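Me: Please take a close look at one part of this model and explain how its elements are arranged. I should then like to see how the surrounding parts of the chain are organised.

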Amino acid sequence: MVGAGIAGLTAAGLLAREGLRVELLEAHHQSGGCAGTFRRGPYVFDVGATQVAGLEDGGIHQRLFRHLNVTMPAAEPLDPGCVVDLADGRAPVRIQRDPERWRQERQRQFPGSERFWRLCEAIHQANWAFAAREPVLPPRSWWDLGQLLGALGIGNLLSGPLTTASIADLQNLCGCGGDQRLRRFLDLQLRLYSQEPAQRTAALYGATVLSMVQEPLGLWHLQGSMQALAEALEQGLAQAGGHLRLRHRVTRLEQAATGGGWRIHGEAPGRPGFVIEAGEVVMTLPPQSLPALLGSQLPSGYRRRLEQLPEPSGALVFYGAIERSRLPPECPSHLQLDWHEPGPLFVSISQEGDGRAPAGQATVIASVFTPARPWFASEEPDYQDRKQSAMAAIQAGLKQLLQLGPEPWIHQELATPRGFAGWTGRPWGWVGGLGQHPLRFGPFGLASRTPIPGLWLCGDSIHPGEGTAGVSLSALMACRQLLQRRGRKLRIDGAASQT
Ligand SMILES: Cc1cc2nc3c(=O)[nH]c(=O)nc-3n(C[C@H](O)[C@H](O)[C@H](O)COP(=O)(O)OP(=O)(O)OC[C@H]3O[C@@H](n4cnc5c(N)ncnc54)[C@H](O)[C@@H]3O)c2cc1C
């Protein structure tokens, strides 16, 4: 198993619990990947992910923790899930957790759009029931196809014809396509989860993302830090008898000459040039890493497919600390601002006593997507100049959003795609998977079953996509396929149907 982010930890725990001998190899000195944390003096910063879906009863993380016999990390539901400032001088949109309060809020903010929201909710209900029946997407074998067909239900009759539609198409269909304020709101929210604006986000994916905050689902803020999620999964893996090898960087995957299986080459302190033999490999790195790891063993058609994948985004992330008294009263913990330069900001603010900052202070994290490659093109000191200007521009946005005075930040630093490449080992520091364009999501996406026997993929480039809940679902799917090849069936209990 390669990579101990949330996908790798989940897959490793599941397979170890089935009695397989599991070695999880992680390049970094800690697990968690994009959902990990780092410490600066008294502050703990969540590196990437700051909020978690799937902790509700029947949610994927909750089911996995129960299956792995691990106590779920303490978490608070986000209410409001997010406060979205469209920077148009009007009151920000509060995405309420309570469905009725959210209905009132959206009717106030976007009059005439209720049919659109109702249609999104209906699609979401159908999606949810479909997901609970654990389809395999996209199918690449008869068994996969059987799993997909078996998961189809009556709700898919409604949603099926919308497979190639975008969220903007739904807006037009419901007669509110001309509402530019609604479009800006949708663009902001969807870019966060699908890497694409409304016009290029698959309707079947976007409808679920737009319904994620409300009960009985929800988004959650972890007590302590995001690392709590990885730590709980680590515990599940250890209890099941699996091994996590930190500081073990995989450099090459070699198919064994005889008898199937793999020789995994890598580097580790005290073990330069280690080789581990394995029957199967589950890869959680972005699939764009495969050409470098497999070299000429990669079938040419598959190599072309990987080369033709659209280039994902990178991220700029500002990590700051501030006196809490400088924040507006009752400041929500998650906000978005439609900001011009370097782009729309997604902001997460620690809560008093949540383990991220000393009493009376708060951590403020602001992230924005950015094209990744240009950050590798400039040499020092140009790179540092670019970084300083990006940080100043993000701070200007935060000043407006949080009505901050002139006092300096107690702590400030910026991560660029270069930093993410170093931290996560992702090519060009890419984050967030392949995007959820109608031509690339679900049935049209990259499969967890590769054409190379014994090599499986999971993580945020595989269905259902990015986010800790998404990558856990992809890990479950890959494990079910791997075990089915061995004549075994993997079931985890408790997929709740949403009512
Ligand atoms: C700025 C930002 C904000 C985000 N916000 C949210 C959010 O609020 N909520 C949410 O749910 N999701 C969020 N996400 C997305 C979420 O963090 C990811 O989709 C998810 O954590 C990816 O998990 P993964 O296991 O697929 O990949 P990763 O987390 O990238 O894990 C891969 C692991 O593989 C290791 N690795 C890499 N190369 C090698 C190698 N050669 N050998 C061995 N190990 C290797 C890495 O060190 C890493 O630990 C955010 C992401 C970013 C970047």
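The part in question is the open sheet with strand order E4-E8-E5, and the answer works outward from there.

Reply: The structure is a predicted model, and the description below should be read in that light. The sheet consists of three strands, and their pairing is antiparallel. Strand E4 (52–53) and strand E5 (75–77) occupy the edges, each with a single partner strand, so one side of each has no neighbour in the sheet.

Strand E8 (residues 219–222) is joined to E4 by two bridges and to E5 by three. On the E4 side, Val-52 is opposite Trp-220 in E8. On the E5 side, Glu-76 faces His-221 in E8. In a regular strand the side chains alternate between the two faces of the sheet. In E8, Leu-219 and His-221 point one way, while Trp-220 and Leu-222 point the other way. All four of these residues are buried.

The loops that meet E5 hold two backbone features. Asn-69 belongs to the loop between helix H2 (60–67) and E5. Its phi is near 60 degrees, a positive value in a residue other than glycine. Asn-69 has 12 other C-beta atoms within 10 Å and is therefore exposed. Pro-80 is found in the loop between E5 and strand E6 (82–85), and the peptide bond that leads to Pro-80 from Asp-79 is cis, with omega near 5 degrees. Most residues other than glycine have a negative phi, and most peptide bonds are trans.

A comparable pair of features occurs in the loop between helix H4 (114–132) and helix H5 (142–151), where Pro-138 and Glu-134 are both found. Leu-137 and Pro-138 are joined by a cis peptide bond with omega of about -15 degrees. Glu-134 is not a glycine, yet its phi is positive, at about 55 degrees. Because Glu-134 has 18 C-beta neighbours inside 10 Å, it counts as partly exposed.

At the level of the whole chain, three domains are assigned: domain 1 (6–75 + 224–298 + 452–485), domain 2 (79–217) and domain 3 (314–429). The C-alpha centres of domain 1 and domain 3 are 27 Å apart. Between these two domains, 18 residues of domain 1 are in contact with 16 residues of domain 3. Strand E3 (residues 43–46) contributes the most to the domain 1 side of this contact, with four residues. That side comprises nine nonpolar, seven polar and two charged residues.

Two buried residues illustrate how parts of the chain that are separated in sequence come together. Ser-472 is placed in helix H16 and counts as buried because 27 C-beta neighbours lie inside 10 Å. Its C-alpha atom is separated by 9.6 Å from that of Gly-54, although their positions lie 418 residues apart along the chain. Apart from neighbours within four places in sequence, Ser-472 is in contact with Ile-6, Thr-10, Gly-54, Ile-60, His-61 and Leu-64.

The second residue, Gln-336, lies in strand E15 (residues 334–337). With 24 C-beta neighbours inside 10 Å, Gln-336 is likewise classed as buried. Gln-336 and Leu-86 are 250 residues apart in sequence, and their C-alpha atoms are 8.1 Å apart in space. Among the residues that Gln-336 touches, leaving out those up to four places away in sequence, are Cys-82, Val-84, Asp-85 and Leu-188. Others are Pro-344, Leu-345 and Phe-346.

The ligand completes the picture. It is surrounded by 37 residues, of which the closest are Gly-3, Gly-5, Gly-33, Gly-48 and Gly-425. Helix H1 (6–17), strand E10 (249–255), strand E14 (314–323) and helix H16 (468–485) each supply at least two residues of this shell. H1 gives the most, with three residues. By class, the shell has 16 nonpolar, 16 polar and five charged residues. Domain 1 and domain 3 each provide at least three residues of the shell.

One further helix deserves mention. Helix H10 (residues 227–239) has 13 residues and spans 18 Å from its first C-alpha to its last, close to the 18 Å expected at 1.5 Å a residue. Its buried residues are Gln-227, Leu-229, Ala-230, Ala-232, Leu-233, Glu-234, Gly-236 and Leu-237. After H10 comes Gly-241, which has a positive phi near 95 degrees.

Note on methods: Residues numbered from 1 in each chain as written. Predicted model: local features only at pLDDT ≥ 70, side-chain atom pairs only at ≥ 80, totals over all residues. Near = placed C-beta within 6 Å. Nonpolar A, V, L, I, M, F, W, Y, C, P; charged D, E, K, R; others polar. Domains from an automatic or database assignment. Expected span 1.5 Å × (residues − 1). Buried ≥ 20, exposed ≤ 12 C-beta atoms within 10 Å, placed from the backbone. Pairing = 2+ DSSP bridges. Contact = placed C-beta atoms within 7 Å.
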